[in-house]
Amino acid sequence: MDIPKEVKSVLQTLKKAGFDGYIVGGCVRDILRGVEPKDWDVTTNAKPEETQGLFKKSFYENNFLTVTVQTNSKNEKLKEIEITTYRSEAKYTDKRHPDEVKYAKTLEEDLGRRDFTVNALALGGLAPEVVDPFGGQEDLKNKVIRTVGEPKERFSEDALRMLRAVRFAVVLGGWQIEAKTASAIKENAVWLQAIS
């Protein structure tokens, strides 16, 4: 699947200014599956104010280091592209939201905070190369949902991830939840009380 010109333009603008730019998360998973992404997310080492300085039609109204860039695209899925600074998250006291969102130094650190290996993929540069530090491509090939890191830890951070695992397994077309991940969902289902 070709990367749309609007996304390429965002990556080019970041690169020209000396910053990293990677397509990241679910849109990479979908590209590798040959499915058109529902939205496009980019991650960068540029801070939000630096990102806003590069894109005149943008806004930054959140605590998650995400700048939304508005394009002139006629395609609804490309009218807005979210660009988020590499980030890491502190503990999740409420089992749903991080107590603190902090800047991360590297792409790998940013990918390491994500929920599942198939969502911890990045597509870098203008000659796309997949960055896959957690074996997401193998899980994608085998249709497996597996947490990044220890399942209990991932689910204790954000209980909604347990429901997301089940939803992905069904919506993606009969995928399997990896045994350790499935076991952690069963053992920690009580945490679902923390979500709305």
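# A guided tour from helix 2 to helix 8

Begin by selecting Asp30 and Arg33, whose side chains are joined by a salt bridge with an N to O distance of 3.1 Å. The model on display is a predicted one. Both residues belong to helix 2 (residues 26-33), where a spacing of three residues separates Asp30 and Arg33 by about one helical turn. In general, an α-helix has 3.6 residues a turn, so residues three or four places apart point the same way. Colouring by accessibility distinguishes the two partners: Asp30 is buried, at 9% relative accessible area, whereas Arg33 is partly exposed, at 30%.

Next, display the salt bridges of the whole structure; a search finds 14 of them. Move to Asp139 and Arg146, whose side chains meet in one such bridge at 2.9 Å, N to O. Asp139 is buried, with a relative accessible area of 4%, while Arg146 counts as partly exposed at 31%.

Then select Lys180 and Glu150. Their closest N and O atoms are 3.4 Å apart, and the two residues form a salt bridge. Lys180 is in helix 8 (residues 179-187) and Glu150 is in the loop between strand 10 (144-145) and helix 6 (151-157), so this pair ties together parts that are 30 residues apart in sequence. Lys180 is partly exposed, at 47% relative accessible area, and Glu150 is partly exposed too, at 41%. Return briefly to helix 2 and add Arg29 to the selection: salt bridges with shared partners join Arg29, Asp30 and Arg33 into one network.

## Helix 7

Now select residues 160-171, which make up helix 7. The helix has twelve residues, and the distance from its first C-alpha to its last is 16 Å, close to the 16 Å expected at 1.5 Å a residue. Which residues of helix 7 are buried? They are Arg161, Met162, Ala165, Phe168 and Ala169. Turn the view to look down the axis of helix 7: the buried residues fall within an arc of 125 degrees, so they line one face of the helix.

To see what covers the buried residues of helix 7, show the surrounding elements, including helix 2, strand 6 (87-89), strand 10, helix 6, strand 11 (176-177) and helix 8.

Rotate to the other side of helix 7, where Val170 and Val171 are exposed. For Val170, the relative accessible area is 61%. Adding Val166 to these two valines completes a nonpolar patch on the surface: Val166, Val170 and Val171 together have about 270 Å² of accessible area. Just after the helix, select Gly173, which takes a positive phi of about 100 degrees.

## Helix 8

For the last stop, select Thr181, in helix 8. Is Thr181 buried or exposed? With a relative accessibility of 0%, Thr181 counts as buried. Show its contacts, leaving out residues up to four places away in sequence: Thr181 touches Ile145, Arg146, Thr147, Pro151 and Phe155. Two of the elements already visited reappear here, as Ile145 lies in strand 10 (144-145) and Pro151 in helix 6 (151-157). Arg146, also on the contact list of Thr181, is the residue whose side chain meets that of Asp139 in a salt bridge.

How values were computed:
Residues are numbered from 1 along each chain as its sequence is written. This is a predicted model: local features need pLDDT of at least 70, side-chain atom pairs count only at pLDDT 80 or more; totals for chains, interfaces and linings use all residues. Side-chain values use heavy atoms; hydrogens and water are left out. Patches are made of residues with over 30% relative accessible area and no salt bridge: like charges are joined within 9 Å, nonpolar side chains (Val, Leu, Ile, Met, Phe, Trp, Tyr) within 5 Å. Accessible areas come from the Shrake-Rupley method with a 1.4 Å probe; for residues, only the protein chains shown count as cover. A salt bridge is a side-chain nitrogen of Lys or Arg within 4 Å of a carboxyl oxygen of Asp or Glu. Helices (H or I, at least four residues) and strands (E, at least two) are DSSP runs, numbered from the N terminus. Buried means under 20% relative accessible area, exposed over 50%, partly exposed in between (1.4 Å probe, protein chains only). The expected span of a helix is 1.5 Å times one less than its number of residues. The arc is that of the directions from the helix axis to the C-beta atoms. Contact means heavy atoms within 4.5 Å.
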